[in-house]
Amino acid sequence: MGRNINGEFEFDVIRHKDTAAAWSQELKVIFVLRGNGWLHTEEGDRTYAISREDIFVINSFQMHSVVLEENGLAISLSLSPAFLAAASPETEDRNVNCKSFLHEEEKQQLFDIIRKDLALAFRAWYKKESELSIHLRSRVMALADDLYRYFSENVENTGRESGRERLRAAVEYIHRNYREGITLADLASQTYLSTSYISRSFQKYMGVSFTGYLTQIRLFHAALLLQGEGTVTEIAYESGFSSASALIDAFKQYRGITPGQYRRNLGKRPVTDNAEEMKTAEGFSMAFVSLMKYADKAEEAAEPVVTGVCEISVNTGIVKRQLRHTWKTMINAGYARDLLNASMQNQILDI
C-alpha cells in the first residue's frame, strides 16, 4: 500500500494468497479486517486461530506465517528498528507480547487501545490529514508508546534462538550494504561464520537462499525509489542491481510486473480484491469498517459531553469569618519512618 518516505513504517494488506512464511527486521502490528485464519509462530512452534478484529504483534526477526481463508483480509503496520530505536533505544532489548485472541472479551480494554491507535494512524496516512509528516509520525509513535507501555517484556535469550541470533548479524549487514556487491565470503568475514553455515541458515530460517533474500531487499528499496522521478537505470544502480535489465528481471520474477508497470500503478490503492467495492461516507473501503470504528470511538470519547446547565447562587450578605489555618499549628516531619530517629525526636521536643 505505502510506506513513510524514509522507510520508517509501512501499511500493507494481507490476503488469502499471501501465505508465505516471513522473517524480517521490522516489528509488525496485524489487525484482522474480516474472515478467519491461522497464525503460526516459530516461538513454541504454535498455531493460533485468528478471526475478525483480532490484533497481534510479530516481533523483529520472529519467523511466522499468517494464513487467511478465501474471504479473509488483514492489515499490517511494519515499524522499522531504526524508527523505534530513534524514539527509545530501550526498545532494542524488549519484545512485545500482544495477542488479543488469547484473552476473553472482558479483558480486551488494553487491546482496544492498540486497535484505536492503529485506526487513527491508518486514517492519518490514508486520508493525508496533514501535509506535515510530524502528524502521521505522532500517530504511529502513539501506537508504539502504548505497545511498549502495556505489552513489552524483556528479551530472553534461549538456545532455540541462538541460530537466528547468529544469523541476525548477517541480515543486518545486508540491510546496511545492499547497494554493494555482497557475497557469502563478505558475510563470513563480517560475522565470523562459515559460508556453508550462512547458506544453510538462510534456507532454514528465512525460507529463501542468501541470493534470494538479497534480491528481495534490493527490490524493496527499488520500489521506494520508483515513487520518485529517477530512471529505471538510475534506480537499478542505486538499489544495488548490476543493470536495469537485472532490476526488470527481478521485478518480473518476484512481483509479476515490470518496474514501469509498478510505477504506473502507484497512484492506485490496491486495498481489496474488488475494485468496485462500496465505500463509506469518509471514502474508506467497506473492508476497513471493522478497524475504523475504533477511530470513531476515539473521537466520541474526546468530545466533551454537556449534560445540562447548573445554576449556582451565592449569598454575599453573610458575615465572613477568618479562616483557621490548621497548618500553622502542625509540624511536618517528613516520612513516618523518620520519627524513629532519636535525633529527629529530640528536635521535635526542642521545638
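**Close-up 1. Glu92 and the negative surface patch in the predicted model.** In this predicted model, Glu92 sits in the loop that runs between α1 (81-87) and β9. With a relative accessible area of 60%, Glu92 is exposed, because the cut-off for that class is over 50%. Glu92 also belongs to a negative surface patch, which is formed by Glu90, Glu92, Asp93 and Glu172.

**Close-up 2. The aromatic pair of Phe11 and Trp125.** The structure holds 15 aromatic pairs, and one of them brings together the rings of Phe11 and Trp125, whose centres are 5.7 Å apart and whose planes stand at 35°, so that the pair is classed as tilted. The two residues belong to distant parts of the chain, since Phe11 is in strand β2 (residues 9-15) and Trp125 in helix α2 (residues 109-126), with their positions 114 residues apart in the numbering. Phe11 is buried, its relative accessible area being 0%, and Trp125 is buried as well, with a value of 13%. Beyond this pair, ring pairs link Phe11, Phe122, Trp125, Tyr126 and Phe288 into a cluster.

**Close-up 3. The aromatic pair of Phe56 and Phe101.** Here the rings of Phe56 and Phe101 form an edge-to-face pair, with 5.8 Å from centre to centre and 65° between the planes. Because Phe56 lies in strand β6 (residues 55-58) while Phe101 lies in the loop between β9 (94-96) and α2, the pair ties together parts that are 45 residues apart in sequence. Phe56 counts as buried at 1% relative accessibility, and Phe101, with a relative accessible area of 18%, is buried too, because that class takes in values under 20%.

**Close-up 4. The salt bridge of Arg137 and Glu8.** Side chains of opposite charge can pair when their charged atoms come close. The count for this model comes to 7 salt bridges, and in the one shown here the side chains of Arg137 and Glu8 meet with an N to O distance of 2.8 Å. This pair links distant parts of the chain, with Arg137 in helix α3 (residues 133-151) and Glu8 in the loop between β1 (2-3) and β2, the two residues being 129 residues apart. Glu8 is buried, with a relative accessible area of 17%.

**Close-up 5. The salt bridge of Asp117 and Lys116.** In this view Asp117 forms a salt bridge with Lys116, and the closest N and O atoms of the pair are 3.1 Å apart. Asp117 counts as buried at 4% relative accessibility, whereas Lys116 is partly exposed, with a relative accessible area of 26%.

**Close-up 6. The salt bridge of Glu238 and Arg179, and a network elsewhere.** The side chains of Glu238 and Arg179 meet in a salt bridge in which the N to O distance is 3.3 Å. Distant parts of the chain are again linked, for Glu238 is in helix α8 (residues 232-238) and Arg179 in the loop between α4 (162-177) and α5 (184-191), 59 residues apart. Glu238 is partly exposed, with a relative accessible area of 38%, and Arg179 is likewise partly exposed, with a value of 44%. In addition, Arg52, Glu53 and Lys293 are joined into one network by salt bridges that share partners.

Notes: Residues numbered from 1 in each chain as written. Predicted model: local features only at pLDDT ≥ 70, side-chain atom pairs only at ≥ 80, totals over all residues. Heavy atoms only, no water. Phe/Tyr/Trp six-rings, centres within 6.5 Å; stacked < 30°, edge-to-face > 60°. Helix = DSSP H or I, 4+ residues; strand = E, 2+ residues; numbered from the N terminus. Buried < 20%, exposed > 50% of the residue type's maximum accessible area, 1.4 Å probe, protein only. Patch = residues over 30% accessible without salt bridge, like charges linked within 9 Å, V, L, I, M, F, W, Y side chains within 5 Å. Areas by Shrake-Rupley, 256 points an atom, 1.4 Å probe, with all protein chains shown as cover. Salt bridge = Lys/Arg side-chain N within 4 Å of Asp/Glu carboxyl O. Lys, Arg positive; Asp, Glu negative; His and termini not counted. Charge placed at Lys NZ, Arg CZ, Asp CG, Glu CD.
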